[in-house]
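Visitor: Please show me the model, and let us go through the terms used to describe it.

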Amino acid sequence: MDCLFCKIIAGEIPSSKVYEDENVYAFRDINPQAPVHVLVVPKTHICCADKIDAANSACIARIFEAIPKIAAQEGLTNGYRIINNCGEDGCQTVKHLHFHILGGKKLPENMG
């Protein structure tokens, strides 16, 4: 498989890791859209939100358990935004399910 995020998780491509556990890997976005912009990915390859099902939904639960820990670690005490892009029209550029944590300032309502 030629997946950028799988290669990052495997350590084949360097990243600015901010969090890792047995199910989740999180790292800084290389093109940040906010003062804090972290990508949170499952270690299991799931291409997109359309492919979440009963067999892999526990991975997604683990991501959403990790997100508050990551946000607190990054100092996002006044709130943050979680974004997922799915498919071509949703502007998903890497075909590995991922969630963006954005924060560190008051975000515009139309950003996302």
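**Core and pockets**

Guide: In this predicted model, Val-38 touches Val-18, Ala-26, Phe-27, Arg-28, Asp-29, Ile-70, Glu-74, Phe-99, His-100 and Ile-101, leaving aside residues up to four places away in sequence.

Visitor: What makes these residues count as touching Val-38?

Guide: A contact requires heavy atoms within 4.5 Å, so each residue named has such an atom pair with Val-38.

Visitor: Why is the set of 19 residues called a nonpolar core?

Guide: The term covers buried residues of nonpolar types joined through side-chain atoms within 4.5 Å, and buried means under 20% relative accessible area. The 19 residues therefore meet both conditions. Val-38, Val-40 and Ile-70 have the most contacts inside this core.

Visitor: Which elements supply at least two residues of this core?

Guide: Strands E1 (17-20), E2 (24-28), E3 (36-42) and E5 (99-103) do, as does helix H2 (57-73). The largest share, seven residues, comes from H2. Another core, of nine residues, lies apart; among them are Ile-9, Tyr-25, Phe-27 and Leu-39.

Visitor: How do you know which residues line the largest pocket?

Guide: A lining residue has an atom within 4 Å of a pocket point, so the 25 lining residues satisfy that cut-off. Asp-29, His-37, Leu-39, Thr-93 and His-100 lie nearest the centre. The volume is about 430 Å³, and helix H1 (4-9) gives the most to the lining, with three residues.

Visitor: What classes make up the lining of the second largest pocket?

Guide: Two nonpolar, three polar and three charged residues. Arg-81, Lys-105 and Lys-106 are in that lining, and Lys and Arg count as charged, so these belong to the charged class.

Terms used:
Residues numbered from 1 in each chain as written. Predicted model: local features only at pLDDT ≥ 70, side-chain atom pairs only at ≥ 80, totals over all residues. Heavy atoms only, no water. Buried < 20%, exposed > 50% of the residue type's maximum accessible area, 1.4 Å probe, protein only. Helix = DSSP H or I, 4+ residues; strand = E, 2+ residues; numbered from the N terminus. 1 Å grid on protein atoms, 1.4 Å probe; cavity = no way out; pocket = protein on both sides within 12 Å on 5 of 7 lines; lining within 4 Å. Points joined across faces, edges and corners; volume = space filled by probe spheres on them.
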